[in-house]
2 protein chains.
Amino acid sequence: MITGKNYIGNTLKASGNVTHKTVNPKLNIENPTPFYEATAEEVDEAVQLAWSAFKTYRRISGEKRAAFLNAIADEILALDQELLDVYTTESGLPEGRAIGERGRTIFQLRSFAELVANEDWRENTIDEAIPDRTPLPKDDLRRTLIPLGPVVVFAASNFPLAFSTAGGDTASALASGCPVIVKAHAMHSGTAELVASAIIKAAEKTGMTNGIFSNIMGRGRTVGTTLVKHTKIKAVGFTGSISGGRALFDVASQREEPIPVFAEMGSINPVIITSKAIENRSEAIATTYAGSITLGAGQFCTNPGLILTVEGDKTQQFIKDLAEKTVAINPQCMLHPNIKSGFVENSNSVSSQTGAKVVGKVEGAIEANYAASQIASVMGKDFLANPKLHQEVFGPFSLVVRAENEDELIQIINGLEGQLTGTIIAEEEDYANLHDVIDALENRVGRIIFNGVPTGVEVCPSMQHGGPYPASTDSRFTAVGTNSIKRWVRPVSYQSFPNELLPTALKR
Amino acid sequence: MITGKNYIGNTLKASGNVTHKTVNPKLNIENPTPFYEATAEEVDEAVQLAWSAFKTYRRISGEKRAAFLNAIADEILALDQELLDVYTTESGLPEGRAIGERGRTIFQLRSFAELVANEDWRENTIDEAIPDRTPLPKDDLRRTLIPLGPVVVFAASNFPLAFSTAGGDTASALASGCPVIVKAHAMHSGTAELVASAIIKAAEKTGMTNGIFSNIMGRGRTVGTTLVKHTKIKAVGFTGSISGGRALFDVASQREEPIPVFAEMGSINPVIITSKAIENRSEAIATTYAGSITLGAGQFCTNPGLILTVEGDKTQQFIKDLAEKTVAINPQCMLHPNIKSGFVENSNSVSSQTGAKVVGKVEGAIEANYAASQIASVMGKDFLANPKLHQEVFGPFSLVVRAENEDELIQIINGLEGQLTGTIIAEEEDYANLHDVIDALENRVGRIIFNGVPTGVEVCPSMQHGGPYPASTDSRFTAVGTNSIKRWVRPVSYQSFPNELLPTALKR
């Protein structure tokens, strides 16, 4: 059923001769299907189709877009076991995770369907005319949000469903009225093709114009760069590394007509644990965090990669507990041999910096692409002095920083780059002293969690998934939750318009 | 009273030795006061002060920020005749305009004061916890908007009050909780200093921290570039030319931490007039548009620089009428000798392109910096073939394009760059045929006006002042109206927070 071809609109095409294969990381072998990188002509065809389709797609009723999104959800479910099998063989993730992530994907699609079934999401405002105002009459003015145009979505390596072909970026862009061209992630091209086939089926069943969706493949950066440079592409969604996201941001902002790039990139998600919290419940915190650090082999954007403590009597014991509990959890398979080798390299690099030491690490023989979880620690002054210690290690790793006192803790937070999340683990008696910590975190993160874990990103209106650079390229928008639709639209005002020519959302 | 010095926070400083003078364009002479360009140290000092002040300023109550904004309005009014005199001697604009623009400035300040006096503007959302949800409980999540940090505002040449020192950008940024550093426009440095003195007085009277406002001078691009590159600057507002705005956008997006630039730049504001409208009310339209084209010597961002018609029996007569009525209006003084020479050069450049011809132009002797209004015309096919005809002529100039038919008209609109506004002049019998025109305009502009003029930008929630590039660098935001506050903020989510630590806006 998987052909290895690109969906250029509703048609499977493969006129190029560059191919790649996906890898089964658990078995450490290549999967059989060769996937064809889209040619420059195929990329252009997809964009031209998207541009033509935009003219009608942006005008159809919210109910019709909702029906399309719900049909995508239905068709993804209809792929059933075949999808779960391809997902697990391309990602090394267990079937339970595949089912959970599919559930999230379906939920996102249906949430956006519900959101756009009526016109309220457009922040419509109406200022009525005041014809007898002096010195000048006031005209009738109405404002709504309209879609930007064709959008490119770059699929994430770590969420083959929920942040890939039919993931949050695609669902929100299609909901807004923007055609979408997905650049599939090379690591899970088969999953991408299957999900794309579900979208195309849904589009055909609900009568959508050919071109509102394409799925394009390629391993290097050529295809992606060509897409972002295309004058008929009007925005970009991306989830991945800082270097990848920044490269696309640079291409997009250096175009003759710059376009917005919503790149959700690196984050080490600092967790501040007060001395009192450690005194009162060290073991419980260690258990919770060992689970959070190793969840999904640590391959989450919100993985807690940095734990900040102020040195107290029980700090050392806490770090020891955390390390033991982390190491005790069975090693898990990572997404790809490249991800595994990156993890080994980056965790060793951090642990070998001056003053850093490994407190606990899974030792002994381990299967090829499985990750040896690791906890390291370092004193605050060494951390402050060395930006290499601030870098993300993608995988089950966390660095515990032992600050000398409160002041050093604040200094450390202020010295961090932008982050998706910050977490505070504290006791009620700490509250009065937390204002500086909260202040510092607010300047650095997009979401602050109290006595919880940063992993687990709820899909709801109050979710902010995005933070100051380099957590994301545009901290003013979220990549998760219904507000993420706002990335793909812009306001237009209508002045003194006759009722029959107003958009539906603004009619009298 | 005018010292020629920079306000570095509350203190007047001038340690540099580069100076410039402003010009009285009506008399065509230099005004006496030398203005000191800020040194690199002064610029840095202003930013460091702003950064320190941000810590407290972002936390004070909305009521206090409102009191500060209202005090600025009061202090500007207290400057009284002195301000009007400096304004007119530096801009060549009449006193009536100064009074009107001051009124708009005051209105903007008071509008933002009213907006932020309570916390509703922050788009607060609350998703309550569902502790017994399966399979996983849902945490309490709350989201609000917080200020980005110190902002640089580049003052506009064409609005010495309403889009300058205490104009819309400054008012909205201060309202949001961001400290502001204004880069004064060199053409009206005296007006800038006076208004800055009013802001400083208001800050002192209402107990604001030193550093929430600075006013910095300089003629070239050095000072501005230094400001935009500073790591503690978090956003930029700009009103001016495409080349100036793009240069700042490039600097900002190439920083290690890119920051948003809200540049409101060039626009020729196409006006589509149907043949039926010309048949029925040619003379009335010509009268209205002669007024709009010459308003304020044509020095408005929303000046109608392009009029699109479909050739009909009365088109030629309409163009002749428009030209006659435009030329009949008394020439007005432009803002500066450089603006005048730019106008002469650019209007001549457009009129001398292949197929273009001057239909009417003020002839004969004219005072030094006064503008000779001009109407030119060209056939649609020549316009389509020559991008030089699409360029903005800043001043009392409009190019009438005569399209062969509807299709060519649509092609012309689709071929335009992004614009602030588009206007449709049509009869009721045209309505059924306007869908393609509206469709094309929606993809090109931020505001569409029906049977009116684009000049006159209402300050209200439904106003969109901004459009696709190059009308502005970020079409998703407006530079006018209360929504312009959204440029200076970003969302933060609070998860499972104790009530006492939540920001005021989100408390239970």
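Let me begin with how the two copies meet: 100% of the interface residues of chain A are also interface residues in chain B, so the copies meet through the same surface. Contact here means heavy atoms within 4.5 Å.

A word on conventions. This is a predicted model, in which local features need pLDDT of at least 70 and side-chain atom pairs count only at pLDDT 80 or more, while totals for chains, interfaces and linings use all residues. Residues are numbered from 1 along each chain as its sequence is written, chains are lettered from A in the order in which they are written, and side-chain values use heavy atoms, with hydrogens and water left out.

Turning to symmetry, a turn of 180 degrees and a shift of 0.0 Å along the axis lay chain A on chain B with an RMSD of 0.0 Å. That is the relation of a two-fold axis. The superposition is by least squares on the C-alpha atoms of residues with pLDDT of at least 70 in both copies. Of the residues of chain A, S253(A) comes closest to the rotation axis, its C-alpha lying at 3.4 Å.

Next, the extent of the interface. Chain A and chain B each bring 67 residues to the contact. The buried area, that is, the accessible area (1.4 Å probe) lost on putting the two parts together, summed over both, is about 6000 Å², and carbon and sulfur atoms give 49% of it. E442(A), S462(A) and R476(A) supply 12% of the area that chain A buries against chain B, more than any other three residues.

What do the polar interactions look like? Between chain A and chain B, 43 residue pairs are in polar contact, both at pLDDT 80 or more. A polar contact is a pair of N or O atoms within 3.5 Å; within protein, one must be able to donate a hydrogen and the other to accept it, and residues adjacent in sequence count only if both atoms are side-chain atoms. By residue class, the side of chain A that touches chain B divides into 29 nonpolar, 13 polar and 25 charged; Gly counts as polar, and Ala, Val, Leu, Ile, Met, Phe, Trp, Tyr, Cys and Pro as nonpolar, with Asp, Glu, Lys and Arg as charged.

Across this interface there are 16 salt bridges, each a side-chain nitrogen of Lys or Arg within 4 Å of a carboxyl oxygen of Asp or Glu. One of them joins R58(A) to D439(B), with the closest N and O atoms 3.5 Å apart.
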